[in-house]
Amino acid sequence: MNLLEVRTQFIKQSGRYDLVVDTIDYVDNGANIYIQRGQKWLEKQVDFAAQKGKVFRKLSSGKFYCTFKDMRTIDTVWIGDTTERIKLEYLSYDEMVEEYPTAFVSTTNAKPVYWSPICVRNPNMDSDSDTDGIVEFMDVIENSDEYNAIVCMPPADGDYHIEIHGKFMAKKLTLDADSNWWTVNEEEILIMSAMRALETAYRNSQGVNDWTNSISSALFGLEKDFIENDTNQIVRLEG
């Protein structure tokens with residue numbers, strides 16, 4: 001299914017025909033927000049292999065960080081060039097600063113060996129925040145609520161590709177043709193979660209609880225499949 005197909009079924013099951021322009025093309029008139037809210041809630045309820053993925057970024061010469069979206073957790077970071085790919089060693093941010101006490105941008109370029117997650121958000125700071133005299137010590141001169149970021153040190157001495165392994169949120173559904181893991185594999189659970197979001201808007205606690213129980217039951221069976229698959233892989237590796 002794509003977003004249009006999910007929206008159509010959501011409208012038919014909820015009876016909220018006012019949330020689309022008409023029942024011919026089912027153009028959005030407020031339904032999408034409940035589907036998006038439902039997906040966002042689902043993402044926080046599960047922790048299984050379907051959320052695993054990879055992000056690839058280019059790390060150009062002299063650069064020491066890269067940004068990306070929709071990350072939940074980072075498992076490993078790899079760096080590669082035309083000859084090899086190696087796993088970077090994790091350091092906490094405090095450990096990274098201790099390892100490289102001078103400004104990151106002033107550190108001698110070399111092949112990166114460490115990585116650390118960093119924050120690129122400056123909450124409650126005005127547009128004229130005072131950074132005079134310390135700007136070279138700011139690891140990432142950006143401010144964004146949309147992105148996650150990592151530092152790779154020392155700064156690159158050439159062009160590399162960075163491969164980030166972790167768990168990601170599914171693509172946000174915006175356009176009618178959009179699809180993601182939920183719409184392709186578990187569209188009914190997504191629709192159920194949208195119905196739960198609708199009950200939340202009604203402030204109907206009983207309705208919310210009923211949908212939560214139904215969704216939790218469906219997710220339990222889904223997670224069992226992924227756990228069994230992961231267990232089989234571990235057994236094969238150990239066997």
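Reader: Happy to start with strands. Which strands form the open sheet, and in what order?

Author: A good general idea to begin with: in a regular strand the side chains alternate between the two faces of the sheet. In this predicted model, four strands make up an open sheet with the order 2-7-6-5, and their pairing is mixed. Strand 2 (65-69) and strand 5 (89-90) are at the edges with a single partner strand each, so one side of each has no neighbour in the sheet.

Reader: How do strand 2 and strand 7 run relative to one another, parallel or antiparallel?

Author: Strand 2 and strand 7 (residues 147-153) are antiparallel, and five bridges join them. For a place to look on screen, find Lys-69, which faces Tyr-147 of strand 7.

Reader: Now strand 8. Which strands pair with it?

Author: Strand 3 (residues 71-80) pairs with strand 8 (residues 160-168) in the antiparallel sense, over eight bridges. Strand 1 (residues 52-59) also pairs with strand 8 in the antiparallel sense, again over eight bridges. To trace the register between strands 3 and 8, use two positions: Thr-73 is opposite Lys-167, and Gly-80 is opposite His-161. On the strand 1 side, Lys-54 is opposite His-165 of strand 8.

Reader: Is strand 8 largely enclosed or left open, and why?

Author: Strand 8 is largely enclosed by the rest of the structure, because eight of its nine residues are buried. Buried here means under 20% relative accessible area.

Reader: What links strand 3 to strand 4?

Author: The two make a hairpin, with four residues between them. Strand 4 (residues 85-87) and strand 3 pair in the antiparallel sense through three bridges. One of the pairs to pick out is Trp-78 with its bridge partner Lys-87 in strand 4.

Reader: Let me turn to charges. How many salt bridges does the structure hold?

Author: The idea is a simple one: side chains of opposite charge can pair when their charged atoms come close. The structure holds seven salt bridges. One of them is between Asp-81 and Lys-111, whose closest N and O atoms are 3.9 Å apart. Asp-81 sits in the loop between strand 3 and strand 4, while Lys-111 sits in the loop between helix 3 (93-99) and strand 6 (114-118), so this pair ties together parts 30 residues apart in sequence.

Reader: A distance of 3.9 Å makes me think about the cut-off. Which other residue forms a salt bridge with Lys-111?

Author: The cut-off is within 4 Å, from a side-chain nitrogen to a carboxyl oxygen. Glu-84 also forms a salt bridge with Lys-111, with the closest N and O atoms 2.7 Å apart. Glu-84 lies in the loop between strand 3 and strand 4, so its pair with Lys-111 ties together parts that are 27 residues apart in sequence.

Reader: How accessible are Asp-81, Glu-84 and Lys-111?

Author: Asp-81 is partly exposed, at 28% relative accessible area. Glu-84 is partly exposed too, at 41%, and Lys-111 is partly exposed at 22%.

Reader: What about the salt bridge of Asp-178 and Lys-171: are these residues buried or exposed?

Author: Their side chains meet at 3.4 Å, N to O. Asp-178 is buried, with a relative accessible area of 9%, whereas Lys-171 is partly exposed at 46%. Elsewhere, salt bridges with shared partners join Lys-54, Arg-85 and Glu-163 into one network.

Reader: And pockets: how much space lies in the largest pocket, and which residues line it?

Author: Rolling a probe the size of a water molecule over the atoms shows where empty space is left. Here the largest pocket holds about 350 Å³. Its lining includes Ile-33, Arg-37, Glu-43, Asp-70, Met-169 and Lys-171. Sorted by class, the lining has three nonpolar, two polar and six charged residues.

Reader: Last one, helix 5. What span does it reach, and what follows it?

Author: Helix 5 (residues 187-202) has 16 residues and reaches 23 Å from its first C-alpha to its last, close to the 22 Å expected at 1.5 Å a residue. Its buried residues include Ile-189, Leu-190, Met-195, Arg-196 and Glu-199. Following helix 5 is Arg-203, whose phi is positive, near 60 degrees.

Technical notes:
Residues numbered from 1 in each chain as written. Predicted model: local features only at pLDDT ≥ 70, side-chain atom pairs only at ≥ 80, totals over all residues. Heavy atoms only, no water. Pairing = 2+ DSSP bridges. Expected span 1.5 Å × (residues − 1). Buried < 20%, exposed > 50% of the residue type's maximum accessible area, 1.4 Å probe, protein only. 1 Å grid on protein atoms, 1.4 Å probe; cavity = no way out; pocket = protein on both sides within 12 Å on 5 of 7 lines; lining within 4 Å. Points joined across faces, edges and corners; volume = space filled by probe spheres on them. Nonpolar A, V, L, I, M, F, W, Y, C, P; charged D, E, K, R; others polar.
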